[in-house]
Amino acid sequence: MEKKFLLLLIALGLLLFSSCTAQQEAERTPLLLISIDGLKPSDVNKTDTPVLDMLTANGTVAESMIPVFPSSTFPNHYSLATGLYTNSTGVISNTMFDPEMERWFRLSDRSAVGDGRWYGGEPIWVTAENNDIRTATMFWPGSEAEIQGVRPTRWLTYDGSIPYKSRADSIVTWLTLEDETRPDFLTLYFSRVDSEGHRHGAGADSVLSAITYVDNVLGYMIERLTEEGIWPNINVLITSDHGMVSLSHDHLIFIDDIIDLDDVNIINWSPVVMIQPREGKREQVYETLKAAEENYSVYFREDFPERFHFGAHPRVPEIIMLADISDDNYGWTITSKSFYERRGILGGTHGYDNMHPEMHGYFLAFGPDIKENKTIETFEVINIYEVMCKLLGIEPAPNDGDLEVLRPILR
Ligand code: AMP
Ligand code: ZN
Ligand code: ZN
């Protein structure tokens with residue numbers, strides 16, 4: 001009886017092994033990486049998401065995902081793609097100044113966003129292309145730049161006005177290309193959940209409708225992929241880059257009540273205020289901010305806590321002021337009186353301490369190589385690069401992640 005069982009196991013194992021190698025020879029399972037910008041894991045249960053529910057039941061979902069610091073869009077998408085912390089990517093914010101290049105980086109500046117000098121490390125599409133795997137990006141921070149002399153085979157200049165269904169159609173079109181030209185690594189990006197969070201605050205009705213809308217688009221894409229005979233033979237990772245907290249007029253810090261703005265150059269505003277003091281003002285600016293430290297923390301860059309993996313990059317200016325999230329989950333806003341009078345505040349934002357649960361992102365994996373009906377604990381975003389390389393069967397570039405963290409999601 002026992003022997004019979006053992007033989008059966010071996011036979012099954014051989015069968016699995018031979019089908020695996022045959023499949024590897026025939027074709028690779030494509031990997032689709034999706035970002036739903038600003039999606040909070042806790043919001044998914046607050047609205048109708050039949051597609052995410054179906055994928056959760058048949059895949060692996062994480063309690064939450066810890067972003068890199070700061071918990072904002074460019075740093076996180078690019079750290080996800082490289083497996084590196086901010087110190088090593090140099091993508092320290094959506095807005096940065098590089099003292100060596102003497103250049104600014106802003107999301108609205110196409111030439112900066114497409115300039116490879118801003119992006120350190122090796123993103124997954126470069127690793128893949130170097131291993132003869134075609135890649136195609138329907139938007140991803142960094143994908144418009146030539147990095148280490150390489151770009152995705154297919155990529156697009158970011159255009160937030162492209163309808164979500166057209167983005168999904170492009171994925172279907174790319175996946176139905178002939179064998180040699182078909183990309184086996186693809187990305188897909190949606191910003192609406194984040195935009196509604198900024199406009200109306202964390203968890204607002206419009207945020208929940210945006211989640212349902214994106215879920216709908218995913219359903220449409222899956223239907224089309226099924227018609228083409230591609231679904232479900234594809235591995236899919238659905239991620240978000242950070243969470244969101246609401247802002248309030250009761251949670252304001254006016255920096256010009258504390259220091260003289262003529263003494264500083266502010267590179268980046270709330271919630272991570274990056275301050276370059278003018279010549280001879282370093283100690284005075286720091287001491288003044290330190291003495292008034294309430295609802296924020298202030299540091300010299302070299303004293304910024306190690307756990308943020310942030311302060312060592314030369315793009316980080318000398319003083320960093322980080323706003324708190326209050327006990328009732330409102331984000332404190334650091335602003336100036338004139339800016340506040342002109343522009344007020346947003347409904348919500350992110351960028352705060354990446355360890356704070358309200359800043360955590362979302363992670364779901366589904367596909368032939370992914371375990372079914374499994375939940376994993378909260379983990380750090382820098383571990384995704386390793387598992388993507390594993391899924392594509394390629395050697396990862398040096399990075400800060402550890403394959404063991406996400407190995408449990410693999411079949
Ligand atoms: P955040 O300001 O951190 O909330 O960033 C979200 C915004 O980043 C989105 O609403 C887009 O406007 C912008 N964005 C996202 N991806 C890109 C990209 N690849 N290039 C330029 N801007 C982008
Ligand atoms: Zn974002
Ligand atoms: Zn945002």
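User: What makes the pairing of the Asn94 side chain with an oxygen atom of ligand 1 a polar contact?

Analyst: A polar contact is a pair of N or O atoms within 3.5 Å (within protein, one must be able to donate a hydrogen and the other to accept it, and residues adjacent in sequence count only if both atoms are side-chain atoms). In this predicted model, an N or O atom in the side chain of Asn94 is 2.7 Å from an oxygen atom of ligand 1, so the pair qualifies. For Thr73, a polar side-chain atom lies 2.6 Å from a ligand 1 oxygen, and for His198 the value is 2.9 Å. Taken alone, ligand 1 exposes 500 Å², of which the protein buries 81% (Shrake-Rupley areas with a 1.4 Å probe; for residues, only the protein chains shown count as cover).

User: Which residues are closest to ligand 1?

Analyst: Ligand 1 is surrounded by 14 residues, and the closest are Thr73, Asn94, Asp194, His198 and His350; each has a heavy atom within 4 Å of the ligand.

User: How do you know that the largest pocket lies between the domains?

Analyst: Both domain 1 (3-244 + 356-409) and domain 2 (246-349) give residues to its lining, so the largest pocket lies between them. The domain bounds come from an automatic or database assignment. The space in this pocket is about 1400 Å³. Of its 47 lining residues, the closest to the centre are Asn94, His198, Ser270, Leu346 and Thr349. A pocket here is an open set of points on a 1 Å grid over the protein atoms alone, where a 1.4 Å probe fits, with protein on both sides within 12 Å along at least five of seven lines; lining residues have an atom within 4 Å of a point. The volume is the space filled by probe spheres set on the points, joined across faces, edges and corners.

User: What is unusual about Pro70 and Pro232?

Analyst: Most peptide bonds are trans. Phe69 and Pro70, however, are joined by a cis bond with omega about -5°, and Trp231 and Pro232 by another with omega about 5°.

User: How are residues and atoms treated?

Analyst: Residues are numbered from 1 along each chain as its sequence is written, with chains lettered from A and ligands numbered from 1 in written order. Local features need pLDDT of at least 70 and side-chain atom pairs 80 or more, while totals for chains, interfaces and linings use all residues; side-chain values use heavy atoms, without hydrogens and water.
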